[in-house]
Amino acid sequence: MADLTDVLGAVLRDIARARVVSDLFSRDISKEYAADPILEAFPVPRADIRQASVGLAFAVAAVNPRTARLDDVIEVHARTHGAALVQGILEDLVEPAGLDRDAMRTELVQAVDQAVRADPEALRRALDGRPELLAEQLNKAVAEAFFVDDERLRAVTRARSITDVRAAIAAAAAECAAGFAAAAALVSARGAAGAVDVSVSLRELLDVPEAVLSRIELVTEIRNYTWVDVGDGERPDRRLQPE
């Protein structure tokens, strides 16, 4: 048996992987076209998967309740609100001060991650909808990245007071912690819905009556994304955007 979520995820993953394999082939064949005096005048073939339709037959074996794992909550937070906190600090404090953006990004990401994982009590309260302690931990971690280094502190306080700097960090940390609590609630709600165990292999379905089979028609479209430079200055960010 398998989790229905895992089965559907594997199907979507393999469709995307098929596109990757196709693009790798086009990359390799393009070199041969470029080296041939006749073929170089022809376009390089490339399969463009606009839409894929997959019919999946399965039998529901069990519906099991499950609880949200703390690691799931942390990962959701790290990908969304934690990243937003770091980005906001980079734009609000690091760039105007002329500090090394890449170095600060790496340091801040580590500081935020450590702050989230270091205090189980702060995590427990955030899971219960009380993110104040987590906000304090995040505030402390981010502030230390600036205040323990005299050169950084002078840089960020050239155009604004140290009180304004502290206030900006505190506000960003509070917003991040509140977002973490929301992410925790979302993961908990998903966990409460339970996991659906299904039988999908030929051997498992061989003797299953047609009347108890369920079917899903999965239709997916592959969108193309390209790297673009955004932002001003000497170190613009590279982000993926849909074509």
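How much area does the protein expose, and what share of it do carbon and sulfur atoms supply? The protein exposes about 15,200 Å², of which carbon and sulfur atoms supply 54%; accessible areas come from the Shrake-Rupley method with a 1.4 Å probe, and for residues only the protein chains shown count as cover. The model is predicted, so that local features need pLDDT of at least 70 and side-chain atom pairs count only at pLDDT 80 or more, whereas totals for chains, interfaces and linings use all residues. Residues are numbered from 1 along each chain as its sequence is written, and side-chain values use heavy atoms, with hydrogens and water left out.

The protein contains eight helices and six strands, taken as DSSP runs numbered from the N terminus (helices: H or I, at least four residues; strands: E, at least two). Their order from the N terminus is β-α-β-α-α-α-α-α-α-β-α-β-β-β. Of the 243 residues, 32% are buried (under 20% relative accessible area; exposed is over 50%, partly exposed in between; 1.4 Å probe, protein chains only). Among contacts (heavy atoms within 4.5 Å) between residues at least 6 apart in sequence, 70% join residues at least 24 apart.

In soluble globular proteins, nonpolar side chains tend to be buried together. The largest nonpolar core (buried Ala, Val, Leu, Ile, Met, Phe, Trp, Tyr and Cys residues joined through side-chain atoms within 4.5 Å) has 36 residues, and Ile89, Leu108, Leu138 and Phe146 touch the most other members. At least two residues of this core come from each of α2 (70-97), α3 (101-118), α4 (120-127), α5 (132-147), α6 (150-156) and α7 (162-192). The largest share, 10 residues, is supplied by α5. Leaving aside residues up to four places away in sequence, Leu138 touches Leu85, Val112, Ala115, Val116, Ala173, Cys176 and Ala177. Another core, of five residues, lies apart from it and includes Val7, Leu56, Phe58 and Val198.

On the surface, Ile38, Leu39 and Phe42 form a nonpolar patch with about 300 Å² of accessible area together. Patches are made of residues with over 30% relative accessible area and no salt bridge, like charges being joined within 9 Å and nonpolar side chains (Val, Leu, Ile, Met, Phe, Trp, Tyr) within 5 Å; a salt bridge is a side-chain nitrogen of Lys or Arg within 4 Å of a carboxyl oxygen of Asp or Glu. Phe42 lies in the loop between α1 (4-35) and β2 (52-64).

Glu204 belongs to helix α8 (residues 202-205) and is partly exposed, with a relative accessible area of 30%. The C-alpha atoms of Glu204 and Ala59 are separated by 8.8 Å, although these residues are 145 residues apart along the chain.
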